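Reader: I would like a close look at one part of this model, namely the place where its helices meet each other and its sheet. Please go slowly, and connect the individual residues to the overall arrangement.

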Amino acid sequence: MNMIPVESSHIKAIGYDEETQVMRVEYSQATYEYRGIYAGIPKEVYDKIMSADSKGRALKEAIAEHGLQYKRLED
């Protein structure tokens, strides 16, 4: 998955796989994988996060609005 560096106080990079509709978020301490509860994350959700001024706030809103599930990936 191609990780794109972002300007954020907590997030280093974000990646998205259109085929599996999985998103990865790399923080300074760990990387997490995000998925929808019953299906993948629509590309529009990823695009909205990437275009937001505050990536962290947009991600938090997407988690609440779309019920995104996440897990920490092993280093």
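Author: Contact, in what follows, means heavy atoms within 4.5 Å. The model is a predicted one, and every value below is computed from it.

By that criterion, Val45, Lys48, Ile49 and Met50 in H1 meet Lys55, Ala58, Leu59, Ala62, Glu65 and His66 in H2. Sorted by character, the residues of this contact between H1 and H2 divide into 6 nonpolar, 1 polar and 3 charged. As for the geometry, two packed helices are described by the angle between their axes and the distance between the axes. Here, the axes of H1, which covers residues 43-51, and H2, which covers residues 55-66, come within 8 Å and cross at roughly 155 degrees. Because angles over 145 degrees count as roughly antiparallel, H1 is roughly antiparallel to H2. The crossing in which H1 passes H2 is right-handed.

The helices can next be placed against the sheet, which is open and has 5 strands in the order E1-E2-E3-E4-E5, with antiparallel pairing. Its edges are formed by E1 (3-5) and E5, each of which pairs on one side only. Direction ignored, neighbouring strands of this sheet are turned by 25 degrees against each other on average. H1 lies across E1, E2 and E3, and runs at about 155 degrees to E2. H2 also packs on the sheet, where it touches E2, E3, E4 and E5, and its direction makes about 45 degrees with that of E2.

The strand pairs can be followed in the order of the sheet, bearing in mind that strands of a sheet pair through backbone hydrogen bonds, either parallel or antiparallel. E2 and E3 pair in the antiparallel sense over 6 bridges, and in this pair Ile14 stands opposite Val25 of E3. The loop between E2 (11-17) and E3 holds Gln21, and in this hairpin, with 4 residues between the strands, Gln21 takes a positive phi near 55 degrees. That sign occurs here in a residue other than glycine. Gln21 is partly exposed, with a relative accessible area of 29%.

On its other side, E3 (residues 22-27) is joined by 4 bridges to E4 (residues 31-35), and these two strands run antiparallel. A hairpin of 3 residues connects E3 to E4. Two residue pairs mark the register, since Met23 stands opposite Tyr34 in E4, while Val25 has Tyr32 of E4 as its bridge partner. E4 in turn pairs with E5 (residues 69-72) in the antiparallel sense over 4 bridges. Between these strands, Glu33 has Lys71 as its bridge partner in E5, and Arg35 has Gln69.

Which residue, then, ties the sheet to both helices in the contact described above? Met23 is one candidate for a closer look, and its place is in strand E3. At 0% relative accessibility, Met23 counts as buried, because the limit for that term is under 20%. Leaving aside neighbours within four places in sequence, Met23 is in contact with Ile14, Gly15, Tyr16, Tyr32, Glu33, Tyr34, Ile41, Tyr46, Ile49 and Leu59. Among these partners are Ile49 and Leu59, which take part in the contact between H1 and H2, Ile49 from H1 and Leu59 from H2. Another of the partners, Ile41, is 18 residues away from Met23 along the chain, and the C-alpha atoms of the two are separated by 7.3 Å.

Two further residues in the strands give other accessibilities. Thr31, in strand E4, is buried, with a relative accessible area of 19%. Beyond four places in sequence, Thr31 touches Arg24, Val25, Glu26, Lys71, Arg72 and Leu73. Gln69, in the edge strand E5, counts as partly exposed at 46% relative accessibility. With residues up to four places away left out, Gln69 touches Glu33, Tyr34, Arg35 and Ile37. The C-alpha atoms of Gln69 and Lys55, which are 14 residues apart along the chain, are separated by 17 Å.

To bring the parts together, H1 and H2 meet each other in a roughly antiparallel arrangement, H1 lies across E1, E2 and E3, and H2 touches E2, E3, E4 and E5. Met23 in E3 is buried at 0% relative accessibility and is in contact with both Ile49 and Leu59.

Terms used:
Residues numbered from 1 in each chain as written. Predicted model: local features only at pLDDT ≥ 70, side-chain atom pairs only at ≥ 80, totals over all residues. Heavy atoms only, no water. Pairing = 2+ DSSP bridges. Axes fitted to C-alpha atoms, helices over the stretch in contact; angles between N-to-C directions. Parallel < 35°, antiparallel > 145°, perpendicular 65-115°, else oblique. Left-handed = near helix turned anticlockwise from the far one by under 90°. Nonpolar A, V, L, I, M, F, W, Y, C, P; charged D, E, K, R; others polar. Buried < 20%, exposed > 50% of the residue type's maximum accessible area, 1.4 Å probe, protein only.
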